[in-house]
Amino acid sequence: MADRSIFDEMNGQDGQGRAAYDVLQDWLKSAPTELLERRRAEAELLFRKVGITFAVYGNAEAEERLIPFDIIPRILSGREWSRLSQGLEQRVTALNMFLKDIYGAREILRAGIVPEELVYQNPYYRPQMNGLSLRGGVYVQVAGVDVVRVDDEDFYVLEDNLRTPSGVSYMLENREVMLRLFPDLMAMQRIRPIENYVNELLATLKSVAPEGSNRPTVVVLTPGSLNSAYYEHSFLADRMGVELVEGRDLFVRDEVVYMRTTQGPKRVDVIYSRIDDDFLDPLVFRSDSALGVPGLIAAYRAGNVTIANAPGTGVADDKAMYSYVPDIVRFYTGEEPILKNVPTWRCREPDALKYVTDNLHELVVKEVNGSGGYGMLVGPHATREARDEFRRRVLDRPDNYIAQPTLALSTSPIFTQNGLAPRHVDLRPFVLSGADRVRLVPGGLTRVALTEGSLVVNSSQGGGTKDTWVLSE
Amino acid sequence: MLSRDADSLYWLSRYVERAENTARILDVAYRMASMPISYNGVDTNEWESALITASALQGFRALYDEVTPENVIDYLAFSEANPSSIQGCFDTARQNARSVRGALTSEMWESINSAWLDLRRFKSQTLQVEDLPRFLNLVKETSLRYDGSALRTMLRNDAYWFSRLGVYIERADNTARVLDVKYHVLLPKDSEVGGGIDYYQWAAILRSVSALVSYQWVYHQNLRPWLVADLLILREEMPRSLAACYAALSRHLDDISERYGTSGNAQRMARAAHARLTNRTIEDIFQHGLHEFLEDFITENSRLGVAITNQYLG
């Protein structure tokens, strides 16, 4: 059975069972294992058929893999979600104000809350953004904030993901598959729907269209079909009923962006970009980029097109800046942060560096700009050699690393060949910020580390996903 | 719609159609080759005509020394060196489908994706010649399913029309090639087929375009060479005939120009070619030379393909 010291989403800390899971627990007791086995096989078939796959970088063999799906849902009570969603709205709103500030008046730097060099020396800082006034002051239209918990009380934010967060298509497909596989179980309780996500996304994108475009044309910009998240790009474009474009489908004339259509050029007002800033415009950023659109940034600066998320948002979501977010929330909202931060040692500070290198065996060390579970060390699970190697890397470039305690992440049961077994989970809710308001659909993408004891939930590192249910209050 | 998406749809349909046509060609070669020599005649090499029909002889010769059933099957069905091999067609079709997922209905995508997964299980090295029909059936069923889901599930808008244009350009090309490869057996005017070699050759031509039974329904008489040509060139009720393909091409091009409010070169070319087919008689065609007629047709057909690309897909 589960380690008693680890909080389990279904069973709680003491194995008593938590109220949100009552219906599921009863149902599981009466459901024969063969039924679950059969439904799991059906789920795999469904995913295979619709072709939801993702590419794994550096793995030519498994060019297209299914992201593993677990059929046992992760459930949040209405009360839990209401607190979590307030916290998310508060945090993302503050981060948007922060971005507007550092590309504008820079009050937070003058107030000495955030060190200047963390902004100016940040590889994601984009001086081209200085002095621009964005619609509604929104820089991050779509955030995918990773949260975890260690007990009944608090949610901790692990990462803010303010650039091009992905995974929302899995959230939506997981729900569709669950509705097909477990209609009976789902009818037994009031689960809040999430299917309106794409409508909310489109409304958000339209709300930030340039002034004066009354029926704005929205497109999704993808690096192309070889990108690991391509499925999601095409899924979102399809569900929103907008074009999925690559850089070569767009061109700029007189600071206006057009796409090439069978009826000639058509003006584009809002670009939901799933390309890294670096590749957006070879005239401004990386000149070797074949993915981008020459002149795009000039059109953007002229206010003729909206790019969502805005270039330069990465400055607010690297792991060094992360440790300042609670202060950022306080500075702009005047409120205490509802969501907690994981305590973070910034290796750029000498005391912290010493502590980190002395205690690698109990810390998680991350590259400041890393993502996807690459370039990180999970101290307690690493070999001595791996730790020594990482220590050298940290000492070599301390400012490139932060460290955090190894959290006892909560677990949630998954269905295995030997019945239910607890595995560590996180949650990525998606926060949509428009010029009019913030929109959230209840839940998010639950990612689960399928290997027993593993804390890494990234799909590129063998993680899977689950449907996430938020119950009506 | 995006020009790149229209282009992907057009080629997606062409490649699915091409895979089906190649499957039909192999099917006929397989049937003919498995006939006793006394039926089939000694001097025909069915596997070689399969290569010629698929316009693959040159590419084949560069890779293999000998025209054997195994080599031809390998090249036309599996070879990675042949972009028009059946598996090559499905690789390209699926790539195109992936890049226009949004413009496809889920039924269309599933037909391509599941065929691609299924077909990858067949390998050239392990396929016995006797297993060939099963493989070919799967290909033909996929094409039917793809076509059927397009007909039954797609919105009637430009995405649909561009995908249909791909089908008919490819199909017209194939029917013309099937006829051209066999034109020498079609030559004897008015002679009735007595059995033996000719009968099977002509039956094979009809079978390769699923028209053997249709022939009887249209003409109510024994196979006559000119009538075979008439059926496959001029009869609009015959769905794979050149006339039927051009009726569809000019109709769908008109659909597009009506929706867009402008028409161009592609519309004019398709209409003219269609008119040439409706105003001809088969006697006339034979008098001027069937082979020359078919050669010209194949050239004109590919010119129309280029015109469509220039006008919409570039």
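A salt bridge, as the term is used here, is a side-chain nitrogen of Lys or Arg within 4 Å of a carboxyl oxygen of Asp or Glu. Keep that in mind as we walk through this predicted model. Take B:Asp284 and B:Arg280: their closest N and O atoms are 2.7 Å apart, and the two form a salt bridge. B:Asp284 is partly exposed, at 23% relative accessibility, and B:Arg280 is partly exposed too, at 25%.

**Salt bridges in chain B and beyond**

How many salt bridges does a search of the whole structure find? Over all chains, the count is 57. The general idea is simple: side chains of opposite charge can pair when their charged atoms come close.

Here are some of the pairs, with their N to O distances.

| Pair | Closest N to O distance |
|---|---|
| A:Glu246 and B:Arg4 | 3.2 Å |
| B:Asp27 and B:Lys140 | 3.2 Å |
| B:Glu300 and B:Arg276 | 4.0 Å |
| B:Asp284 and B:Arg280 | 2.7 Å |

Let's start with B:Asp27 and B:Lys140, whose side chains meet in a salt bridge. B:Asp27 sits in helix H1 (residues 3-33) of chain B and B:Lys140 in helix H8 (residues 132-153) of chain B, so this pair ties together parts that are 113 residues apart in sequence. Are these two residues buried or exposed? Both B:Asp27 and B:Lys140 are buried.

Now for B:Glu300 and B:Arg276, which also meet in a salt bridge. Here the pair ties together parts 24 residues apart in sequence, because B:Glu300 lies in helix H17 (residues 290-313) of chain B and B:Arg276 in helix H15 (residues 265-278) of chain B. B:Glu300 is partly exposed, with a relative accessible area of 29%, and B:Arg276 counts as partly exposed at 45%.

Salt bridges can also link up into a network. In chain B, one such network connects B:Glu17, B:Glu20, B:Arg24, B:Asp147, B:Arg164, B:Arg171 and B:Arg240.

**Where the two chains meet**

On to the interface. In chain A, 22 residues are in contact with 20 residues of chain B. Between them the two chains bury about 1800 Å², and 43% of that is on carbon and sulfur atoms. The rule finds two salt bridges across this interface, along with 10 residue pairs in polar contact.

Which parts of chain A supply at least two residues each to the side that touches chain B? They are helix H2 (33-50), helix H9 (230-240), strand S8 (243-245) and strand S10 (256-261). H9(A) gives the largest share, four residues. Sorted by class, this side of chain A has six nonpolar, seven polar and nine charged residues.

B:Arg4 is a good residue to look at here. Its side chain meets that of A:Glu246 in a salt bridge, and a polar contact of 2.4 Å joins it to the side chain of A:Asp249. A:Asp249 lies in the loop between S8 and strand S9 (250-253) of chain A. With a relative accessible area of 3%, A:Asp249 is buried, since the cut-off is under 20%. Leaving aside neighbours within four places in sequence, A:Asp249 is in contact with A:Leu244, A:Tyr258, A:Met259, A:Arg260, B:Leu2 and B:Arg4.

**Two more loops in chain A**

A:Thr217 lies in the loop between helix H8 (197-207) and strand S7 (218-221) of chain A, and counts as buried at 16% relative accessibility. Not counting residues up to four places away in sequence, A:Thr217 touches several others, including A:Met259, A:Lys266 and A:Val270.

A:Arg348 is in the loop between strand S15 (345-346) and helix H13 (350-358) of chain A. A:Arg348 is partly exposed, with a relative accessible area of 28%. A polar contact of 3.1 Å joins the side chains of A:Arg348 and A:Glu117. How far apart in space are A:Arg348 and A:Tyr401? They are 53 residues apart in sequence, but 7.6 Å apart from C-alpha to C-alpha.

**A helix in chain B**

Finally, have a look at helix H14 (residues 242-260) of chain B. Its 19 residues reach 27 Å from the first C-alpha to the last, close to the 27 Å expected at 1.5 Å a residue. Why is H14(B) described as largely enclosed by the rest of the structure? Because 14 of its 19 residues are buried. Just after H14(B), B:Gly261 takes a positive phi of about 80 degrees.

Methods. Residues are numbered from 1 along each chain as its sequence is written. Chains are lettered from A and ligands numbered from 1 in the order in which they are written. This is a predicted model: local features need pLDDT of at least 70, side-chain atom pairs count only at pLDDT 80 or more; totals for chains, interfaces and linings use all residues. Side-chain values use heavy atoms; hydrogens and water are left out. Contact means heavy atoms within 4.5 Å. Buried area is the accessible area (1.4 Å probe) that two parts lose on being put together, summed over both. A polar contact is a pair of N or O atoms within 3.5 Å; within protein, one must be able to donate a hydrogen and the other to accept it, and residues adjacent in sequence count only if both atoms are side-chain atoms. Ala, Val, Leu, Ile, Met, Phe, Trp, Tyr, Cys and Pro count as nonpolar, Asp, Glu, Lys and Arg as charged, and the others, Gly among them, as polar. The expected span of a helix is 1.5 Å times one less than its number of residues. Buried means under 20% relative accessible area, exposed over 50%, partly exposed in between (1.4 Å probe, protein chains only).
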